[in-house]
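Me: I have a structure open and want to read it step by step. Can we work through it in questions and answers?

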Protein chains: 2
Amino acid sequence: MKNILGREIPEYIEGYGQVRPYKGAYASIDPRTRTTITRRSIKPGNKLEPGDAKLLASIEEAVEKTGLKDGMTVSFHHHLRNGDYVTNMVMKVIADKGIKDIHVAATGIFACHEPLVEYIKSGVITGISVNYISPGPVAKAITKGLLSKPAVFRSHGGRPRAVEAGDLHVDVAFIAAPCCDHYGNINGTHGKSACGVLSYIYPDAQYADQVVAVTDNLVPYPACPIEITQDFVDYVVTVDSIGDPNGIVSGTTKVTSDPIGLKIAAAAAELIDETGYIKEGMSCQTGAGGTSLAVAAEIKKRMQAKGVVGSFGAGGITAYFVEMLNEGLFRALFDVQDFDLVSVASAGSNPKHMAMSGSLYGNPHNCGPVVNNLDIMILGATEIDTDFNVNVVTGSDGTIMGASGGHNDTAAGSKISIVVTNLLKGRLCVLRDKVTTVTSPGETIDALVTDRGIAINPRRTDLLEKLKNSKLPIMDINTLKEIGDKLAGKPDPIEFTDRIVGVVEYRDGTVIDVVRQPK
Amino acid sequence: MKNILGREIPEYIEGYGQVRPYKGAYASIDPRTRTTITRRSIKPGNKLEPGDAKLLASIEEAVEKTGLKDGMTVSFHHHLRNGDYVTNMVMKVIADKGIKDIHVAATGIFACHEPLVEYIKSGVITGISVNYISPGPVAKAITKGLLSKPAVFRSHGGRPRAVEAGDLHVDVAFIAAPCCDHYGNINGTHGKSACGVLSYIYPDAQYADQVVAVTDNLVPYPACPIEITQDFVDYVVTVDSIGDPNGIVSGTTKVTSDPIGLKIAAAAAELIDETGYIKEGMSCQTGAGGTSLAVAAEIKKRMQAKGVVGSFGAGGITAYFVEMLNEGLFRALFDVQDFDLVSVASAGSNPKHMAMSGSLYGNPHNCGPVVNNLDIMILGATEIDTDFNVNVVTGSDGTIMGASGGHNDTAAGSKISIVVTNLLKGRLCVLRDKVTTVTSPGETIDALVTDRGIAINPRRTDLLEKLKNSKLPIMDINTLKEIGDKLAGKPDPIEFTDRIVGVVEYRDGTVIDVVRQPK
């Protein structure tokens, strides 16, 4: 069958199941039922005997105590980013015990998770689902079809939706805990492996059958402030180190110094300003990349010039947003991860710098995530097509490069979503007739700002009206594509096998696209 | 049938249902299933049209929008204490609309809720469940049998257990919100009606079918810091005032100056010290009454003398505990309500002063509530019997005077639970052969400290061993009772009708006792 975007998707995908086809960005925001969950109760002391202890001697003991066995789903989070040791340590124990057919439900996979490739090959790991994946060995292994079942790519809001709905049932969640006490109170902002807030794993703490905290920093009770509370944690394991500080956070995150990036940023900010989004109470989210931060810098200048105070900055937080908070340009920050040391420190100490759960961030099936309140969203893209559909999952050679992260959540929720990118990337034009893989549907993308011109989604007649006297290089997206094609030439079409190696779920759990193995 | 404490309880109670009899304080701490819940999803704007708004014009509109109808359960919380306007305002609208047969699931009822009596008489309200009730008009109405169904008395931990298990299904939760934004982010610590943390209502926000925030302080988005997040709130209503500041918090809470109270406090502290509980990492909870605070003051002196730092203070928080936190005598506070202005301010600003949900506080059916980590608990009693069973529900004339609150949660969890009381109250001896109503079972009560002597629960052979050379006036509880009876005379037995007006649930949901209507 074809879904409404014309993507060819089977009704049933082996290793994934029945497909609910994508029906539009706002088509399935209906009442939803949260799943049940059965959890053990931890006995207090009975006055004469001590109660159940949670502290275990090793990850091996945790794997034994939780009864981890073939076919189960284990979950991990990616706040330790490319410094994470926990996923590899746990999976090694699982592999060493001869357990097979494991579904790794990670919020993110990085290059540091290369050891998983061996477990994929040996059948220890047969399924992977992620909301974020960086280009690297695991992404390559999935592209090559080494994984038995198709990988499932969700968004940061779609994952908690799936967890709460019972679509993604986690048997055992392993939480990398930079600060933890013996009874499982956890925060991510303190300790030698401090990484900032642990937002993406909150739903697993609430909905997994069992939860194991893995820490290298066992502190006296109670760990404080608490992000994940003891009533959701079954076991605590201490290890020497949960991560490599160099991979966990950047020392600093910086605005780009590339002149093309700066030019794109200036144009994006001008567009935002001309369409009336620089105003009292405005909210804003950008990525942590140099060009995104350059847009933030331009927006900041304009806020200062107008004397505007924003309501909030959101998403993955950088020093740049902390500075804006501290300078009074935002009243608050909603934080799902911290990219640098300044952000980690701020998240751990400033009450206006608030962690938000993945569900509060982007889950479309609750009483309204924060993305619904977002005005301005600055996005990236590996490809974008003339229907404004965006691909951030695959590169133009069909290789898996990423997952939605917050892309389709924020695109759907924000009042103006702008893709900023060089028109040409690696000698290829990012503008396509059809993107290789749809991650965010075009109806949620409002503008494309490139170094060679700007295209406004024709659905946004309101924006076009406001921009009719603009001096910005606004043009039809097809015209922009022609410019790109002239410069780069028409790319050769990629050839694919029939093998589906990835299923891309839209934030509401419908299938927006699939990834087929490139020939 | 008789439960294991020998209390005569029917197997089925009309208006309550099948009875699960109490089987021991630690007998039912098994794996438990959390209930499902279906919630609406709030639409974001679709770029061209605004999304669903939550702000309603009036409580009347909220009652209409939520589809409130005969037979439903509505819930309220008691953090505005004797200053609460919200319960009465909402129930007036419900009554005015001719809706009947409503179950009021309040976390607490105070004298200010007198208007509910009329609704009880007229059949608007047919059921009430509470974890706290102060002596007053509603308590009297229940005692007199005016309510169609028996009232249900739970503990602070038992209520969230019931909510999570689906035993207490809330159709619409009304949250009195001292600080709220248009999208339903809430805190209790800011605004003209600031009352402190809103902990007891967190489970309702998560498990009610619909949630309405009622506020007199609509602030720009986002309310900050957030206690209850927007993803759990359907509607927001503004009113002129949610409460009377004079009834919400005391200006100050003070240590008693009564010499008998001070004598009891000194003896309790000496007992705690001699049994080894004044030590590094100790934790402590007392009530907010003058004698309880006097025990805290004595404990503080001994902590200072030994140079001991405690892990945490917990429960309802007073300026006294805030002072101990700020002086470094505790590393943290776990807070479920704030009794005075100092505590409200601290809860709103100090990251070490942490709100805890009712479930985190005392729910026996999760991965371990904070009461499991509590060392020292100072308790009150209206009666205690020679089996150490405590009554805080009824007075010695059979009138309803209160509910467990955290009594049986903390008694079960703490390492030493001590009831402090004058031996004689209102010319009656608090020590009975059998208490009128069991709230906390004797197996969880370790000591009784009175002005006339101290009794240690004989089960606590460890305490008796440590106290064998003590100069404290330790005696058998029967001896202490004889002293009381000699002074006060044997009380006349109360006569009861067969009518059950109240069901007392133990924290685990079993029925520990019933309240019959006095003749």
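The turns below take up a pair of helices, then the contact between two chains.

Me: Are helix 8 of chain A and helix 9 of chain A parallel, antiparallel, perpendicular or oblique to each other?

Reply: Keep in mind that this is a predicted model. Helix 8 covers residues 259–274 of chain A, and helix 9 covers residues 290–306 of chain A. Their axes lie 8 Å apart and meet at an angle of about 45°. That angle falls outside the ranges for parallel, antiparallel and perpendicular, so the two helices are oblique.

Me: In which hand does helix 8 of chain A pass helix 9 of chain A?

Reply: The two helices pack against each other at about 45°. The crossing is right-handed.

Me: How many residues of that contact between helix 8 of chain A and helix 9 of chain A are nonpolar?

Reply: Helix 8 of chain A contributes residues including A:Leu262, A:Ile264 and A:Ala265. Helix 9 of chain A contributes, among them, A:Val295, A:Glu298 and A:Arg302. Two residues of the contact are polar and five are charged. The nonpolar ones number ten.

Me: What area is buried between chain A and chain B?

Reply: 72 residues of chain A touch 72 residues of chain B. Carbon and sulfur atoms give 57% of the buried area. The total is about 5400 Å².

Me: Which three residues supply 17% of the area that chain A buries against chain B?

Reply: No other three residues supply more. They are A:Arg34, A:Lys47 and A:Cys367.

Me: Which residue forms a salt bridge with B:Lys47?

Reply: Two salt bridges are counted between chain A and chain B. In the one with B:Lys47, the closest N and O atoms are 3.0 Å apart. The partner is A:Asp446.

Definitions and conventions:
Residues are numbered from 1 along each chain as its sequence is written. Chains are lettered from A and ligands numbered from 1 in the order in which they are written. This is a predicted model: local features need pLDDT of at least 70, side-chain atom pairs count only at pLDDT 80 or more; totals for chains, interfaces and linings use all residues. Side-chain values use heavy atoms; hydrogens and water are left out. Axes are lines fitted to C-alpha atoms, for helices over the stretch in contact, and angles run from 0 to 180 degrees between N-to-C directions. Helices (H or I, at least four residues) and strands (E, at least two) are DSSP runs, numbered from the N terminus. Angles under 35 degrees count as roughly parallel, over 145 as roughly antiparallel, 65 to 115 as roughly perpendicular and the rest as oblique. A crossing is left-handed if the near helix is turned anticlockwise from the far one by less than a right angle, and right-handed if clockwise. Contact means heavy atoms within 4.5 Å. Ala, Val, Leu, Ile, Met, Phe, Trp, Tyr, Cys and Pro count as nonpolar, Asp, Glu, Lys and Arg as charged, and the others, Gly among them, as polar. Buried area is the accessible area (1.4 Å probe) that two parts lose on being put together, summed over both. A salt bridge is a side-chain nitrogen of Lys or Arg within 4 Å of a carboxyl oxygen of Asp or Glu.
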